[in-house]
Amino acid sequence: MTELLEVQDLKVSFGAGREAVRGVDLTVGRGETLAVVGESGCGKSLTALSLLGLEPAAAQVTGSATLGGTELIGRGERELRRLRGTRAAMIFQDPMSSLNPTTRIGTQIAEVLAIHSPMRRSARLRQAVELMESVGITDAAARARQMPHELSGGMRQRVMISIALAGSPELLIADEPTTALDVTVQAQVLALLRERTRDTALLFITHDMGVVAEIADRVAVMYAGKVVETGTVREVLEAPRHPYTAALLRSVPDPDRPAAGELPTIPGQVPAVGAVLEGCPFRPRCDHADDTCATAPALVEGVACWHPVSRESQEVA
Amino acid sequence: MADLVVAEGLVKRYAVRGGTMAAVDGVSLRVGQGTTLALVGESGCGKSTTGRLLLALERPDEGSVEVAGQAVHSIGKKQLRELRRTMQPVFQDPYDSLNGRMTVGQIVSEPLRVHRFRGDLDARVRELLEAVTLAPELAQRYPHELSGGQRQRVAIARAIALDPEFLVCDEPVSALDVSVQAQVVNLLRRLQDERGITYLFISHDLALVRHLAHRVAVMYLGRIVEEGETEELFADPRHPYTQLLLAAAPRPRVRDHERQEPVEQLGEATSALTRSGGCAFAPRCPLATDRCRTEDPALRPLADTRAAACHYAETARVGAA
């Protein structure tokens, strides 16, 4: 597969030495979905935002990210703006923050269409309604005349997906797009994303391993600003190699199994963003840690750990 | 086992544009002493309002609540104040529910001071922080200096300060990271084992519920549509909504996406405002018949410990097994 998005040694820092993203490598192929999974403060959202120049103003971004050969890092705002929506688009957790609360839904979609191709207003509105239908919004013509607050969270997220896909971008970045939704609605929005991104590269940010299973082809697990494990969704979920990935998977209760005593936990907590970390960042919380872990392990064959769990030793759950 | 909490026929209506809406529409429930009842359902189903009614944080339009034999909505102010010692809330967001201008020690000791605790306040605060596995030194800190998991532990320490018998936990771990969630869940279980606390555990997360609850009540648009012992209900859900809710819970396991799940066709909840004559779930239910659209099914017993509000509860099965 030719890689559409190639991220190399991406770093995002705030002031001297406070690195929140500490050298991330990622690739996403055309039609492929890469889930970046991790807990709060691991740098997953910042990684996604910085690809499209949407990082906070105080952040410094270095490294490289190419989209079909075009370098994204260090581009001017004007060039990035041309790129957003046409070649790459993004959806967020809270659609309300992206929608104009005082403008009818149909008009907002039509505004985006106007940027992509010149059309008469009536044609744009008609196409907006078609787009809404295409993302499963029933009674779209009536919904198009409504204000954002009159739609449910799930419907607003469908609207955002329709806007994001309106320009047929090569890359869609989705930052926790279903986290605020009810589980039944989440299942529907994930199915919609799966179906509508068959030919689009999807970079999907989430904290939820269950959502990973529903959407991803490949997975990158982040911890303290670094990718600590990467592999196919089957490899990572069924036979995790990094002790952090394994512990994270164990600590999630299973709706299909009766309760059996205490839930396995990971002692301690994630390091603060920008904390100075020497050696393996997971070392203070890791059962396997020893003196070798004082040196930071590189990502080798999909895992950044001196003592990875071997795939062979794990039974498929 | 005796029931510590007994609610009968609770109704709570709110004025909305175009009339009133019953957020809670005839809810009856019992929670056995020292056990956990989970109230599950999606946003807007009335589970949080039910929790607030039980704690007398809201007044019901109809129905009654008894906690430890006292009718919480008809006793005098002074008695209610006394009763509040025995029932406490723990909310979802420990960022909102802790006063940012108070130290952890002040937050945890506030209920003790309000209820004129006689004894060594500092020693009691230390004891409470230890009970929730926080270092006693944290008493000097402010909430913003703590992590999310630490804050929720402070909220729990405060809630158990007066040795309550009954805690209403409203999505207590939803805002926490996965690795921290497990720590807080284990803490809640341990506190129940050690102190015999009774919980109403309000949650949308079925996996957590299966892990924590003895009994489960599933709510949909203001009503309980199914209830039963946790293991029975998970092993054999009888209401189509429970079946779909269970199927929709994301699991960290790879599955074949070519096979479409029934929940992907489910649509979204209608509002309680537009409730028509029939079953409230009928507009979304893949099994709905004409009878469902015209005749509202009552919550009826299926077995000793089981009840469901579905005309076809005995045979209902959504999708493949």
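**Exercise 1. Classify Ser168(A) as buried or exposed, and describe its setting.**

Solution. Step 1: Ser168(A) has 12 other C-beta atoms within 10 Å, so it is exposed. The cut-offs are these: a residue is buried if 20 or more other C-beta atoms lie within 10 Å of its own, exposed if 12 or fewer, and partly exposed in between, with C-beta atoms placed from the backbone.

Step 2: Ser168(A) has its place in the loop between H6 and S7 of chain A. Helices (H or I, at least four residues) and strands (E, at least two) are DSSP runs, numbered from the N terminus.

Step 3: The phi of Ser168(A) is positive, near 45°, in a residue other than glycine. Most residues other than glycine have a negative phi.

The model is predicted: local features need pLDDT of at least 70, side-chain atom pairs count only at pLDDT 80 or more, and totals for chains, interfaces and linings use all residues. Residues are numbered from 1 along each chain as its sequence is written, while chains are lettered from A and ligands numbered from 1 in the order in which they are written.

**Exercise 2. Determine whether the end-to-end span of helix H6 of chain A agrees with the expected one, and state what surrounds this helix.**

Solution. Step 1: H6(A) covers residues 153–166, which is 14 residues. The expected span of a helix is 1.5 Å times one less than its number of residues.

Step 2: The expected span is therefore 20 Å, and the end C-alpha atoms of H6(A) are 20 Å apart, which agrees.

Step 3: Of the 14 residues of H6(A), 12 are buried, so the helix is largely enclosed by the rest of the structure. Among them are Gly154(A), Arg156(A), Val159(A), Ile163(A) and Ala166(A).

Step 4: The buried residues of H6(A) pack against strands S6 (88–91) and S7 (171–175) and against helices H3 (105–116), H4 (121–134) and H7 (183–196), all of chain A. Two residues are in contact if their C-beta atoms, placed from the backbone, lie within 7 Å.

**Exercise 3. Describe chain A as a whole by its elements, its radius of gyration and its buried share.**

Solution. Step 1: Chain A contains 10 helices and 10 strands.

Step 2: Its radius of gyration is 21 Å, close to the 20 Å that the globule rule gives for 317 residues, so chain A is as compact as a globular protein of that length. This radius is taken over C-alpha atoms, and the rule is 2.2 Å times the number of residues to the power 0.38.

Step 3: Along the principal axes, the C-alpha atoms of chain A fill a box of roughly 70 × 50 × 35 Å.

Step 4: Of the 317 residues in chain A, 47% are buried. Among contacts in chain A between residues at least 6 apart in sequence, 64% join residues at least 24 apart.

Step 5: One residue illustrates such packing. Leaving aside neighbours within four places in sequence, Leu203(A) is in contact with residues including Leu5(A), Val28(A), Ala48(A) and Ile173(A).

**Exercise 4. Trace the pairing of strand S10 of chain B and locate Leu221(B).**

Solution. Step 1: S10(B) spans residues 223–229, and 6 of its 7 residues are buried, so the strand is largely enclosed by the rest of the structure.

Step 2: S9(B), residues 215–220, pairs with S10(B) in the antiparallel sense over 6 bridges. Two strands pair if DSSP finds at least two bridges between them. In this pair, Val216(B) stands opposite Gly228(B).

Step 3: S10(B) also pairs with S12(B), residues 306–308, in the antiparallel sense over 2 bridges. Here Glu227(B) stands opposite Ala307(B).

Step 4: The hairpin of S9(B) and S10(B) has 2 residues between the strands, and Leu221(B) takes a positive phi near 45° there. Leu221(B) lies in the loop between S9 and S10 of chain B and is buried, with 24 other C-beta atoms within 10 Å.

**Exercise 5. Describe the contact between chains A and B, and the place of His211(B).**

Solution. Step 1: The contact takes 41 residues from chain A and 36 from chain B. On the side of chain B, the elements that give two or more residues are helices H6 (178–195), H7 (206–212) and H9 (240–248). H6(B) gives the most, with 7 residues.

Step 2: His211(B) lies in helix H7 of chain B and is buried, with 24 other C-beta atoms within 10 Å.

Step 3: Leaving aside neighbours within four places in sequence, His211(B) is in contact with Pro253(A), Ala259(A), Leu263(A) and Val185(B).
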